[in-house]
Amino acid sequence: MRLSQLAAVLVPLALIGCGRRTHSNPAVRVESPRLVSILVEVYDPNTNFVWQDASVRIVEADQEWSGDTWASPYQDYYLTDANGRVLLDEFLLADAAVGFYEDQNGAAVLSPASSEDEATVVIEVSGDGFQSVYVEVPLRWSQPDVFVEVPFY
């Protein structure tokens with residue numbers, strides 16, 4: 001009796017499992033633009049000490065989407081903190097008017113599209129009595145936040 005009851009339950013389940021085809025649609029992943037930023041650390045390579053109050057300026061950016069280099073019309077300088085660092089965040093990069101696409105909040109972004117996913121930003125590091133140093137900082141959609149150490153002496 002138990003064998004017939006077990007068969008009565010298992011046979012319909014087996015038929016249901018064999019006759020059914022499932023179609024799974026792979027999830028479509030829509031990539032979105034990413035905010036960009038540059039964390040700059042200025043240091044003296046002779047002593048390895050960091051420079052507090054060194055001036056950092058966004059000079060220009062070469063934008064892949066336009067194929068052009070956009071020079072900033074502003075002379076805004078940002079001073080490094082006690083750790084020798086200054087963060088050029090997505091809002092400072094957008095405010096520098098160096099050709100970044102901007103999101104609805106006015107922040108600089110890079111697009112995931114292959115012709116819009118790269119930019120190279122030129123920054124200037126300067127200080128009283130020292131010659132300015134210019135550094136090219138590559139930004140990529142795959143790595144939108146960059147840390148750059150700048151030797152300055």
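**A first walk through the chain, starting from Glu 41**

Let me begin with one residue, Glu 41, which has a relative accessibility of 10% and therefore counts as buried, the cut-off for that word being under 20%. I should say straight away that what we are looking at is a predicted model, so please hear the values that follow as computed from that model.

Where does Glu 41 sit along the chain? It belongs to strand β2, which runs over residues 37-43. If we leave aside residues up to four places away in sequence, Glu 41 touches Val 50, then Asn 83, Gly 84 and Arg 85, and also Phe 147, Val 148, Glu 149 and Val 150.

Stepping back to the chain as a whole, we find two helices and eleven strands, and, reading along the sequence, their order is α-β-β-β-β-β-β-α-β-β-β-β-β. Among contacts with a separation of 6 or more, 62% join residues that are 24 or more positions apart. Of the 153 residues in the chain, 33% count as buried, while the area that the chain exposes comes to about 9900 Å², with carbon and sulfur atoms supplying 52% of it.

That brings me to the surface, and to the question of which residues form a nonpolar patch there. They are Trp 65, Trp 70 and Tyr 101, which together have about 270 Å² of accessible area. Tyr 101 is placed in strand β7, covering residues 101-102, and, because its relative accessibility is 32%, it counts as partly exposed, whereas Glu 41, with 10%, counts as buried.

Notes. Residues numbered from 1 in each chain as written. Predicted model: local features only at pLDDT ≥ 70, side-chain atom pairs only at ≥ 80, totals over all residues. Heavy atoms only, no water. Patch = residues over 30% accessible without salt bridge, like charges linked within 9 Å, V, L, I, M, F, W, Y side chains within 5 Å. Areas by Shrake-Rupley, 256 points an atom, 1.4 Å probe, with all protein chains shown as cover. Salt bridge = Lys/Arg side-chain N within 4 Å of Asp/Glu carboxyl O. Helix = DSSP H or I, 4+ residues; strand = E, 2+ residues; numbered from the N terminus. Buried < 20%, exposed > 50% of the residue type's maximum accessible area, 1.4 Å probe, protein only. Contact = heavy atoms within 4.5 Å.
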